[in-house]
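Work through the exercises below with the structure open beside you. Try each task before reading its solution.

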Amino acid sequence: MSKSLIVYYSLGGKTRKVVDILQKLTNADVYEIELEKPYSKLTAYTIGLGHCKTGYEPPIKNEIDLSAYDKIFIGGPTWWFTYAPPINSFIKKYDLTDKIIYPFGTATSNFGGYFERFNKECKAKEIKKPLKILRTNFKNDLEETIRLWLKENGE
Ligand SMILES: Cc1cc2nc3c(=O)[nH]c(=O)nc-3n(C[C@H](O)[C@H](O)[C@H](O)COP(=O)(O)O)c2cc1C
């Protein structure tokens, strides 16, 4: 059986919390996207805004060989009503045309066009229904929400 991979970016640690539970439930390998020039909490709001608007792909520092995986979970935070730029870098850099993608994202309250854009920009064999984690889920029902989503996707 081939293994699954969880690919993620997290600036503040919220998405990492989702990844920890996903990993526990799926036993997937984990790859964190690291940037050559990491954002700080300040530059995410300043430089990051421009990067989200222009569709910039910040260069990734660490490589990953995807050949062993056919299912890939990909997630990160919502920035400026879309996915954070490191997610853009990943889906543009790697050939995902033979992969089944399980998108997930975190947001305080509003994903904006995150998943519509993701579905358009990510060239994959198949893209599953996204897992959307809001601030309220962190407070109330994080693990349950993730379990339910995995079940709905036949995992
Ligand atoms: C630069 C920036 C922009 C953000 N824009 C949004 C947004 O448009 N909508 C929203 O609901 N939350 C927004 N947030 C909040 C984050 O999406 C949310 O806190 C997320 O869970 C953080 O994930 P992380 O801790 O893994 O980085 C923004 C946060 C940052 C830093």
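**Exercise 1. Place Asn 27 and judge its exposure.**

Solution. Asn 27 sits in the loop between H1 and strand E2 (29-32). Helices (H or I, at least four residues) and strands (E, at least two) are DSSP runs, numbered from the N terminus. The model is predicted: local features need pLDDT of at least 70, side-chain atom pairs count only at pLDDT 80 or more, and totals for chains, interfaces and linings use all residues. Residue numbers start from 1 along each chain as its sequence is written.

Next, the backbone. Asn 27 has a phi near 60°, a positive value in a residue other than glycine. Last, the neighbours. Asn 27 counts as exposed because it has 9 C-beta neighbours inside 10 Å. (Buried means 20 or more other C-beta atoms within 10 Å of a residue's own, exposed 12 or fewer, partly exposed in between; C-beta atoms are placed from the backbone.)

**Exercise 2. Do the same for Trp 80****.**

Solution. Find Trp 80 in the loop between E3 and E4. Its phi is near 50°, again a positive value in a residue other than glycine. Now count. Trp 80 has 16 C-beta neighbours inside 10 Å, so it is partly exposed.

**Exercise 3. How do the axes of H1 and H7 cross****?**

Solution. Take helix H1 (residues 14-26) and helix H7 (residues 142-152): their axes come within 10 Å and cross at roughly 50°. (Axes are lines fitted to C-alpha atoms, for helices over the stretch in contact; angles run from 0 to 180 degrees between N-to-C directions.) H1 and H7 are therefore oblique to each other. (Under 35 degrees is roughly parallel, over 145 roughly antiparallel, 65 to 115 roughly perpendicular, the rest oblique.)

Then list the contacts, meaning C-beta atoms, placed from the backbone, within 7 Å. From H1 come Val 18, Ile 21, Leu 22, Leu 25 and Thr 26; from H7 come Leu 142, Glu 143, Ile 146, Arg 147 and Leu 150. By class, this contact has seven nonpolar, one polar and two charged residues. (Ala, Val, Leu, Ile, Met, Phe, Trp, Tyr, Cys and Pro are nonpolar; Asp, Glu, Lys and Arg are charged; the others, Gly among them, are polar.)

**Exercise 4. Which residues of H4 are buried, and what do they pack against****?**

Solution. In helix H4 (residues 85-93), the buried residues are Pro 85, Pro 86, Ile 87, Asn 88, Phe 90 and Ile 91. They pack against several elements, including strand E1 (3-8), helix H3 (47-54) and helix H5 (114-121).

Note on methods
Contact = placed C-beta atoms within 7 Å.
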